[in-house]
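Student: Please take me through this model one question at a time, starting with a single strand.

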Amino acid sequence: MRDIPYKQISCENYTIQGFSRAAIQTFWHIPEFHLGFDLGAHPWEFMGTPNWFISHTHLDHLAMMPNYVARRRMMKMEPPRIFMPERFVEPVTYLLRAWEHLDYGAFPCELVGLQPGESVELSREIVVEAFQTVHRVDSLGYVVYDRRKKLRPEFLTLSGEEIKRLKDEGTEISYEIKVPKVAYLGDSNYRGLDENPIFYEAETLIMEMTFAEDQHQSCKIHKFGHIHLDDVVTRRDRFKNKRIIASHFTARSTTDAIYKAVQKKLPDMLDGRLKLRI
């Protein structure tokens, strides 16, 4: 039995696990890439994942961080790496020190501040890049790339022995490609998408769609850094993603009301690519 329930979507060679509801909890996990996004909650079975990327520091995205760090210490695991907007590293460090006094135990972890445009290499193949998003506080979105080396076209007809010789001579025989596999928007208004067009191109997009009903006013929604269903409708032709996972719906709307609002304006669910996680 799971200690914290979550939803799961199986993709081609990775799995998206998690859940998000505004003001309650947000957490996403991709076990094959050894990373997760946000720590508003943290199921026990996610504990083995050592890299977490925090979009911002609101409680529904960060509240379980001390628990996660303490659990890894208790199980004698290596301290995790937790990436976040740079300006929050110092106050989050103070938060952990306070918990050490309250818990009478250490909270070992590596807090890493990121600026938009900076990248983290998790392995030879997996690279995560940070992007500026637009919320009430400093916030980041992230794109996970699958990085590969490909042989340059002019060398494709050569034998293995010839390629080795060229490589030994210092010839650059390959070039790098980065395929955007997963984009995570975090909390942001529509500018977080429009100003980072790579989000529209990633194979899988995990995005917030906090408000869906007509009575919610777009001007207030955008001011506080959130997205309305109408923002998605007006941009439907920009989404090139293979799948779009929409979540972080407001707790002020019932599940039934959200489904009805989306079905009314997007009856084809973006050609079946739109997946609601409520």
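Student: How many residues of strand β3 are buried?

Tutor: Helices (H or I, at least four residues) and strands (E, at least two) are DSSP runs, numbered from the N terminus. Buried means under 20% relative accessible area, exposed over 50%, and partly exposed in between (1.4 Å probe, protein chains only). Strand β3 spans residues 25–30 and is mostly covered. The count of buried residues in β3 is 6 of 6.

Student: What should I know about the source of these values?

Tutor: This is a predicted model, in which local features need pLDDT of at least 70, side-chain atom pairs count only at pLDDT 80 or more, and totals for chains, interfaces and linings use all residues. Residues are numbered from 1 along each chain as its sequence is written, and side-chain values use heavy atoms, with hydrogens and water left out.

Student: Which residues of β3 are buried on each side?

Tutor: Both faces of β3 are covered. One side carries Q25, F27 and H29, all buried. On the other side the buried residues are T26, W28 and I30.

Student: In β3, which residue is the bridge partner of G18?

Tutor: Two strands pair if DSSP finds at least two bridges between them. Strand β2 (residues 15–21) runs antiparallel to β3, joined by 5 bridges. The two form a hairpin with 3 residues between them, and A23 in the turn has a positive phi of about 70°. The β3 partner of G18 is W28.

Student: In β4, which residue is the bridge partner of H29?

Tutor: β3 and β4 run antiparallel and are joined by 3 bridges. This hairpin has 4 residues between its strands, and H34 in the turn has a positive phi of about 60°. The β4 partner of H29 is G36.

Student: Which residue in β5 stands opposite G36?

Tutor: Strand β4 (residues 35–37) pairs with strand β5 (residues 51–53) in the parallel sense, over 3 bridges. Opposite G36 in β5 stands W52.

Student: Which strands stand at the edges of the sheet?

Tutor: The open sheet has 7 strands in the order β1-β2-β3-β4-β5-β6-β7, with mixed pairing. An edge strand here has a single partner, so one side of it is left without a neighbour in the sheet. The edge strands are β1 (7–10) and β7 (110–114).

Student: Is C109 buried or partly exposed?

Tutor: The structure holds 0 disulfides (a disulfide is a pair of cysteine sulfur atoms within 2.5 Å). C11 has 13% relative accessibility and counts as buried. At 22% relative accessibility, C109 is partly exposed.
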